[in-house]
Amino acid sequence: MIDQLKTQTPRYVAVAAVLLAAIAFAIGGTEVGFGAAVGGLVAVVDAWAIIWLVSQILTGAGLSRAIAVALLASKLIILLAVCWALLTRLAINPVGFSVGLGALVVGMLYAGAIVSVKEAQATREG
């Protein structure tokens with residue numbers, strides 16, 4: 001199940017980011033759509049970072065667990081700094097950015113739901 005989440009989650013976040021950016025372009029225009037695309041890109045990178053760091057913690061491969069835990073804890077601060085810089089220094093549209101960043105939540109929820117359904121089906125069959 002963990003392997004499925006590792007491979008599926010970033011894909012679902014990326015798909016959600018593309019869909020949300022397309023909707024933002026259609027409804028809000030270029031400025032909002034571009035903000036959503038940037039927010040979606042941040043969401044995909046954040047999803048990948050979460051998956052990679054958690055897999056390092058669970059398997060202990062590569063990084064030591066203590067370093068991986070420290071990186072996971074500091075990831076939120078890094079994410080906040082990146083969001084602040086994008087919104088204040090590069091003047092990314094905040095509404096569009098928020099919509100795009102929502103792909104992280106949508107993609108992770110969808111990935112978890114799909115894996116749970118597959119796991120339940122496998123349990124019933126086996």
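**Notes on a three-helix model**

1. Let's start with the largest pocket: helix H1 (2–59) and helix H2 (65–89) each supply at least two residues of its lining. Helices here are DSSP runs of H or I with at least four residues, strands are E runs of at least two, and both are numbered from the N terminus. A pocket, on a 1 Å grid over the protein atoms alone, is an open set of points where a 1.4 Å probe fits, with protein on both sides within 12 Å along at least five of seven lines; lining residues have an atom within 4 Å of a point.

2. Before going further, a word on what you are looking at. This is a predicted model, where local features need pLDDT of at least 70 and side-chain atom pairs count only at pLDDT 80 or more, while totals for chains, interfaces and linings use all residues. Residues are numbered from 1 along each chain as its sequence is written, and side-chain values use heavy atoms, with hydrogens and water left out.

3. Now the overall picture. The protein has 3 helices and 0 strands, so in order from the N terminus the elements read α-α-α, each one a DSSP run as above. Along the principal axes, the C-alpha atoms fill a box of roughly 50 × 35 × 15 Å. Of the contacts between residues at least 6 apart in sequence, 68% link residues at least 24 apart; contact means heavy atoms within 4.5 Å.

4. How much of the protein is buried? Buried residues account for 32% of the 126 residues. The terms used from here on are buried for under 20% relative accessible area, exposed for over 50%, and partly exposed in between (1.4 Å probe, protein chains only). The protein exposes about 7600 Å², with carbon and sulfur atoms supplying 74% of that; the areas come from the Shrake-Rupley method with a 1.4 Å probe.

5. Back to the pocket. The largest pocket has a volume of about 260 Å³, a volume being the space filled by probe spheres set on grid points that are joined across faces, edges and corners. Its lining counts 13 residues, and Val45, Asp46, Ala49, Lys75 and Ile78 lie nearest the centre. H1 gives the most to this lining, with 8 residues. By class, the lining is made up of 11 nonpolar, no polar and 2 charged residues. Nonpolar covers Ala, Val, Leu, Ile, Met, Phe, Trp, Tyr, Cys and Pro, charged covers Asp, Glu, Lys and Arg, and the others, Gly among them, are polar.

6. Asp46 deserves a closer look, as one of the residues nearest the centre of the largest pocket. Asp46 sits in helix H1 and counts as buried because its relative accessibility is 7%. Beyond its neighbours within four places in sequence, Asp46 is in contact with Lys75, Leu79 and Leu104.

7. Further along H1, have a look at Ser55. Is Ser55 buried or exposed? Ser55 counts as buried, because its relative accessibility is 11%. What does the Ser55 side chain reach? The answer is the backbone oxygen of Trp52, at 2.8 Å. Not counting neighbours within four places in sequence, Ser55 is in contact with Lys6 and Gly60.

8. Gln56 is also found in helix H1, and with 10% relative accessibility it counts as buried. From Gln56 to Ala66 is 10 residues in sequence and 9.9 Å in space, C-alpha to C-alpha.

9. Two other H1 residues go together: Phe25 and Thr30. Phe25 is partly exposed because its relative accessible area is 40%, whereas Thr30 is exposed at 61%. Leaving out neighbours within four places in sequence, Phe25 is in contact with Thr30, Gly33 and Phe34. C-alpha to C-alpha, Phe25 and Gly35 are 9.3 Å apart across 10 residues of sequence, while Thr30 and Ala16 are 18 Å apart across 14 residues.

10. Over in helix H2 there is Ile77. Ile77 counts as exposed because its relative accessibility is 61%. Ile77 and Leu20 are separated by 57 residues in sequence and 25 Å in space, C-alpha to C-alpha.

11. Finally, check the loop between H2 and helix H3 (94–125), where Ala91 lies. Phi of Ala91 is near 55°, a positive value in a residue other than glycine. Ala91 counts as exposed, because its relative accessibility is 59%.

Definitions and conventions: Polar contact = N/O pair within 3.5 Å; in protein donor to acceptor, adjacent residues only side chain to side chain.
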